[in-house]
Amino acid sequence: MYKIKFNKKYKKLNNIDTEFPVTLLNVFNQRGLNMSKAFLHYDTSLVIGEHNQLEILENQNYLVLLFKDCKDQIFTTIRKRYESERKYSPHPWDNPEIDKFEYYWNLRGKLFEVVIENE
């Protein structure tokens, strides 16, 4: 089963049944400048504390992943579209960035385990 990881407990997950897998419904490519402050507030609000420190750059591309749980409650998560190859290769100059759009696009309709780290 695939996993979707969160580094902290977000308010958007309060009503989501994370005991069961969630389904990836769709993937949206979004530029930072096109995301409203209200949406960013929703997506980054923590249960404890104000917001996560995800820095949204206006000219950077992001993915908005839309999920639903077993009770048809929906939630989103913002992910960087491009991941630095440095995490995966001892030679980052070979392939400097990995585009995650196609990866998630091909997983639409698939089940994901929600993993909340530091819980």
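**Strand pairing, Asp17 and helix 1**

Colleague: Which residue is the bridge partner of Thr23 in strand 3?

Modeller: This is a predicted model: local features need pLDDT of at least 70, side-chain atom pairs count only at pLDDT 80 or more, and totals for chains, interfaces and linings use all residues. Residues are numbered from 1 along each chain as its sequence is written, and side-chain values use heavy atoms, without hydrogens or water. Strands (DSSP E runs of at least two residues) and helices (H or I, at least four) are numbered from the N terminus. In strand 3, Thr23 has as its bridge partner Lys68.

Colleague: Which residue of strand 7 stands opposite Thr23?

Modeller: Strand 2 (residues 22-31) runs antiparallel to strand 7 (residues 111-116), and two bridges join them. Strands count as paired if DSSP finds at least two bridges. In strand 7, the residue opposite Thr23 is Leu111.

Colleague: How many bridges join strand 2 to strand 3?

Modeller: Strand 3 covers residues 61-68 and is antiparallel to strand 2. The bridges that join this pair number eight.

Colleague: In what order do the five strands of the open sheet stand?

Modeller: Strand 3 also runs antiparallel to strand 4, joined by seven bridges, with Leu65 and Thr77 as bridge partners. Strands 1 and 4 (74-80) each have a single partner strand, so one side of each lacks a neighbour in the sheet. From one strand to the next the twist averages 40 degrees. The pairing is mixed, and the order is 1-7-2-3-4.

Colleague: Is Asp17 buried or exposed?

Modeller: Asp17 is in the loop between strand 1 (2-6) and strand 2. Beyond its neighbours within four places in sequence, it is in contact (heavy atoms within 4.5 Å) with Asp69, Cys70 and Lys71. Because its relative accessibility is 16% and the limit is under 20% (exposed is over 50%, partly exposed in between; 1.4 Å probe, protein chains only), Asp17 counts as buried.

Colleague: Which backbone nitrogen does the side chain of Asp17 reach?

Modeller: The distance is 3.2 Å. The nitrogen belongs to Glu19.

Colleague: Within what arc do the buried residues of helix 1 fall?

Modeller: Helix 1 (residues 37-44) lies across strands 3 and 4, at about 100 degrees to strand 4 (C-alpha axes, N-to-C directions, scale 0 to 180 degrees, the helix axis fitted over the stretch in contact). Its buried residues are Leu40, Asp43 and Thr44, and strand 4 is part of what covers them. They line one face of the helix because, seen down its axis (directions to C-beta atoms), they fall within an arc of 85 degrees.

Technical notes
A polar contact is a pair of N or O atoms within 3.5 Å; within protein, one must be able to donate a hydrogen and the other to accept it, and residues adjacent in sequence count only if both atoms are side-chain atoms.
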